[in-house]
Amino acid sequence: MAVEDKTVSGMAGRYASALFELATEAGQIDAVAADLGRFQALLDGSDDLKRLVQSPVFAADDQVKAITAILDQAKIGGLAGNLIKVVASNRRLFAVEGIIRGFNALVAQARGEVTAEVTVAEELSAAHAKTLTEALKDVLGKEPRIDVKVDPAILGGLIVKVGSRMIDTSLRTKLNSIKNAMKEVG
């Protein structure tokens with residue numbers, strides 16, 4: 001069951017697609033997704049691990065040893081663990097977050113799910129999250145999975161991305177538009 005997704009491309013997309021096909025053949029999509037989710041949580045929670053993954057100064061052998069120890073400690077094995085080790089040994093560990101995003105996109109596409117990436121200036125309350133979910137459900141025609149990212153730099157409002165569509169109602173964008181309009185007038 002090969003699923004083709006135009007948003008999963010490049011080197012990370014090739015790894016994600018290969019992992020998805022292997023997981024599909026083995027009937028382990030949920031297990032692989034869970035393992036990748038745990039690894040992403042480790043990355044999000046550790047600046048040192050992020051440095052190890054993103055820095056080119058570490059030798060491939062050092063990255064593989066460190067990643068193997070981390071995966072063993074976190075009990076992440078199977079297809080996901082093997083992929084992360086292969087990526088490390090091929091000096092492509094910097095792409096692991098893109099691979100995880102790509103795999104998740106392929107899983108969501110195969111399940112017919114829609115993911116909305118929402119950027120807000122401050123954490124959404126439960127009531128606002130529910131209102132946003134209902135509004136997106138009306139527009140999309142199906143229940144979306146909402147991936148919320150907090151970025152105080154947008155000042156206010158929100159940015160919603162669903163696939164290739166983006167709605168930017170952030171205060172930062174509006175202020176920049178006014179600033180540009182004022183430059184043209186003056």
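Which helix does I178 lie in? Select I178 and color its surroundings: this residue lies in helix α8, which covers residues 171-185. Before going further, keep in mind that you are looking at a predicted model.

**Stop 1: a nonpolar patch**

Keep I178 selected and add L155, L171, L175 and M182. Together, these five names, L155, L171, L175, I178 and M182, make a nonpolar surface patch of about 490 Å². Switch on the surface display to see the patch.

**Stop 2: a loop residue in the patch**

Now zoom in on L155, one of the patch members. You will find L155 in the loop between β2 and β3. Look at its backbone too: L155 has a positive phi of about 70 degrees, although this residue is not a glycine.

**Stop 3: the sheet**

Change to a cartoon view and find the strands. In what order do the 4 strands of the open sheet stand? The order is β2-β1-β3-β4, and the pairing is mixed. At the edges are β2 (144-150) and β4 (165-168), each of which pairs on one side only. From one strand to the next, the twist averages 15 degrees.

While the strands are on screen, here is a handy general point: side chains in a regular strand alternate between the two faces of the sheet.

**Stop 4: a parallel pair**

Select residues 114-120, which form β1. This strand pairs with β2 in the parallel sense, over 7 bridges. To see one place where they meet, pick V114: P144 in β2 stands opposite it.

**Stop 5: an antiparallel pair**

Next, select β3 (158-162) together with β4 (165-168). These two strands run antiparallel and are joined by 4 bridges. Click on V160 and look for its bridge partner in β4, which is I167. The hairpin of β3 and β4 has 2 residues between the strands, and G163 in this hairpin takes a positive phi near 65 degrees.

**Stop 6: a helix across the sheet**

Show residues 126-140, helix α7. Which strands does α7 lie across? The helix lies across β1, β2, β3 and β4, and runs at about 130 degrees to β2.

**Stop 7: another loop**

For the last stop, move to R91, in the loop between α5 (78-89) and α6 (96-111). Is R91 buried or partly exposed? R91 is partly exposed, because its relative accessible area is 33%, and the partly exposed range runs between 20% and 50%. Finally, check the backbone: R91 is not a glycine, yet its phi is positive, at about 60 degrees.

Key
Residues are numbered from 1 along each chain as its sequence is written. This is a predicted model: local features need pLDDT of at least 70, side-chain atom pairs count only at pLDDT 80 or more; totals for chains, interfaces and linings use all residues. Side-chain values use heavy atoms; hydrogens and water are left out. Patches are made of residues with over 30% relative accessible area and no salt bridge: like charges are joined within 9 Å, nonpolar side chains (Val, Leu, Ile, Met, Phe, Trp, Tyr) within 5 Å. Accessible areas come from the Shrake-Rupley method with a 1.4 Å probe; for residues, only the protein chains shown count as cover. A salt bridge is a side-chain nitrogen of Lys or Arg within 4 Å of a carboxyl oxygen of Asp or Glu. Two strands pair if DSSP finds at least two bridges between them. Axes are lines fitted to C-alpha atoms, for helices over the stretch in contact, and angles run from 0 to 180 degrees between N-to-C directions. Contact means heavy atoms within 4.5 Å. Buried means under 20% relative accessible area, exposed over 50%, partly exposed in between (1.4 Å probe, protein chains only).
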